[in-house]
2 protein chains.
Amino acid sequence: MAGPAALPVSPLAVPMDPVPPVPGVRMATAAAGIRYQGRTDVLAMAFPPGTAVAGVFTRNRCPGAPVDWCRAALPGGRARALVVNAGNSNVFTGQAGRDACLAVAEAAARLVGCRPKEVFLASTGVIGEPLPAGRITAALPGLFAALREDAWQDAARAIMTTDTFPKAAFRTARIGGQAVTIAGIAKGSGMIAPDMATMLCFLATDAKIPPAALQAALKAGVDRSFNATTVDSDTSTSDTVLLFATGQAKHPRIPAEGGPLLREFRAALADLLLDLALRVVRDGEGAQKLIRIEVTGAVSPRSARKVGLAVANSPLVKTAIAGEDANWGRIVMAVGKSGEPAERDRLSVAIGGVWIAREGSVVPGYDESPVVAHMKGREIAIAVDLGLGRGKSTVWTCDLTHGYIDINGAYRS
Amino acid sequence: MAGPAALPVSPLAVPMDPVPPVPGVRMATAAAGIRYQGRTDVLAMAFPPGTAVAGVFTRNRCPGAPVDWCRAALPGGRARALVVNAGNSNVFTGQAGRDACLAVAEAAARLVGCRPKEVFLASTGVIGEPLPAGRITAALPGLFAALREDAWQDAARAIMTTDTFPKAAFRTARIGGQAVTIAGIAKGSGMIAPDMATMLCFLATDAKIPPAALQAALKAGVDRSFNATTVDSDTSTSDTVLLFATGQAKHPRIPAEGGPLLREFRAALADLLLDLALRVVRDGEGAQKLIRIEVTGAVSPRSARKVGLAVANSPLVKTAIAGEDANWGRIVMAVGKSGEPAERDRLSVAIGGVWIAREGSVVPGYDESPVVAHMKGREIAIAVDLGLGRGKSTVWTCDLTHGYIDINGAYRS
């Protein structure tokens, strides 16, 4: 089984940010041979006592054992360690999968000196094969002996599967005049669909934020970023976003419910989540173009989101864009099939800023040439106005190309 | 723009049935040059006075002008003519599209000697371009002068777009001891998704059935056939199924509500609809394999249908099958993402009759070899048991291959 190195790097790739250390967060990676050879595939992170944690998980009804583990651990609100492996998702593995989670968490807890429920877990890769937990527990002593603050880029590499480039980014924000850092890494390329926290994303900050306020900020940010993206409409069984706050920064105390002191932090977090989510879409399996779909005039924001996703998940829209065909009729079709309130004779569609269709027919004298030029670019902008209300939403996806078929007809992930 | 002749014939193609004449139904085809050259693209049918009609149409919110026309005409319950064109769908064409419908219906009505509302219309092809109605009305006098009873196969050819083979079939049934015929043609290849009457399908019978009973029989049959199939999850703006009953057969009188006399007719109609629907799936754009997904143990039939469609529309499942990979983990993922009640630890999955996964993990000692052999065939059988209730449903789809990308990245339809 070839690792991700076998795939050409996405033409939409962007380099990792030079992520700085986040006070209190230390990490290390190792090559444990879970499935791939010649690359790192296990990541361990350790956090100081008092670290708060927030998490958002897949809504798939067949979640992996690590997702169940994290969901059960999250109400405690505290974390001391994170262990992630690539190559095997520990999904649909029954009791053996649960046992594997417990074994890894207990081993990490002994090394850190904490309770197993303060260890968070994630796995990504093939579904339905037993996780070789022994290879992970064997690697843990070495990992926890080698922890460093400046290994975010190594961490991003260790969690890749079909990803063609590693994804790491950061932001800074002030809380009561004191600067804090938020750093994050993500992985994902296929089995990417919204309505959950898509794929794996781990974030850490030195801010000191109570778990409830941290959770609220994370949930709001995920909804407008990961949950507004789709590669292939297939919701993974492993999707996990975790945010750890070490509390090492010296800013004023944040109340449990958050409040105005967190305004800049929340905005920076949301911006970072969107940055990471778009890196995942840019690495969508076979992607050649990044597509932004702005829906306005819907009866509600929720309805706008659904219309946007109907367009974003339409194979006919995605293949037309891959073929650089400004086939706006397929956008009309996709809006109409969404099941959301829409009226053909009030609908308007634009590509690349040019309004093509308005109120039930093509704009008189429509000149296709600027739209044809736009279609040749790497970033495609679609706008849909439903003309019904004030609901709006923006979603992102990529095109559907031969590369997607190649990757998924051959790689068992 | 190349016509369908440019595409290789689907490996799943089946020959047309030798459809016999249906007493009272006459038809003719012509090459009107709507979009294609060197092939027929207009079909006209005429029916005797007293012919009843039933219809089921797309639920897309941006329907074509001919769909609006038929919906408005259907409550009359009577039909004298049908005019269909390929190459242009007359969708999102505003007032010009409505005017084109009226012009064609009025021209046909004059030739037949009926009211325009007794003329049914359908169009298929590119979206958003004005329909050259003048080319159709110019062809109508010749068409209505050349009507024949034995032209079902010509009719099937005239309505093709990206179809790689024509689709025609028939059944017979007895009503009160008297034999009747039901004949049908269909077209469709891409933009095929359920929850409506998929694509174009025209049926005729010599039975004498009141419109209400005819509509009920059609609706029931469509639900288990066209509405249980998907090629690409994209619901067309033109989907239309029409059934005409000429009443030429000499069977006992059928009451308005149908009743037990129609039992055999209903079963034959449902069987014919499924036959035609599967021909459409066999001609799914790029299809190399026909996939049947049987879902059992759901909380309701509706829930079973939704689970089946989640599997059938999953790009990851469809590409795995294209790659002949028995990747049952992706089936688990698709069941879980359906949003329907499902419990990972009660779920079982079989491929080719071999149960692979049961109750949350792989079956002990699972031997992949018979499943690998099954995956190399043309017809793939997937079974999913949810272990929750008695709801069941069967849906059909095809695999997702490079052919789909080729066709839809290049052909503006």
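Start in chain B of this predicted model by selecting helix H1 (65–73), strand E4 (81–88), strand E5 (119–126) and helix H3 (133–145), which are among the elements that cover the buried residues of H2(B).

Next, add helix H2 itself, residues 94–112 of chain B, and follow its 19 residues from the first C-alpha to the last, a reach of 28 Å that is close to the 27 Å expected at 1.5 Å a residue.

Which residues of H2(B) are buried? Colour Gly97(B), Ala100(B), Cys101(B) and Val104(B), then Ala105(B), Ala107(B) and Ala108(B), since these are the buried residues of the helix. Now turn the view until you look down the axis of H2(B): the buried residues fall within an arc of 160°, so they line one face of the helix. As background to this view, an α-helix has 3.6 residues a turn, so residues three or four places apart point the same way.

Before leaving chain B, step just past the end of H2(B) to Gly113(B), where the backbone takes a positive phi of about 85°.

Then select chain A, in which you can trace 11 helices and 15 strands. Its radius of gyration is 22 Å, close to the 22 Å that the globule rule gives for 413 residues, so chain A is as compact as a globular protein of that length. Along the principal axes, the C-alpha atoms of chain A fill a box of roughly 70 × 50 × 35 Å.

To finish, consider the interior of chain A, where 62% of the 413 residues count as buried, and where residues 24 or more positions apart account for 81% of the contacts with a separation of 6 or more.

Notes. Residues numbered from 1 in each chain as written. Chains lettered and ligands numbered in written order. Predicted model: local features only at pLDDT ≥ 70, side-chain atom pairs only at ≥ 80, totals over all residues. Helix = DSSP H or I, 4+ residues; strand = E, 2+ residues; numbered from the N terminus. Expected span 1.5 Å × (residues − 1). Buried ≥ 20, exposed ≤ 12 C-beta atoms within 10 Å, placed from the backbone. Arc of directions from axis to C-beta. Contact = placed C-beta atoms within 7 Å. Rg over C-alpha atoms; globule rule 2.2 N^0.38 Å.
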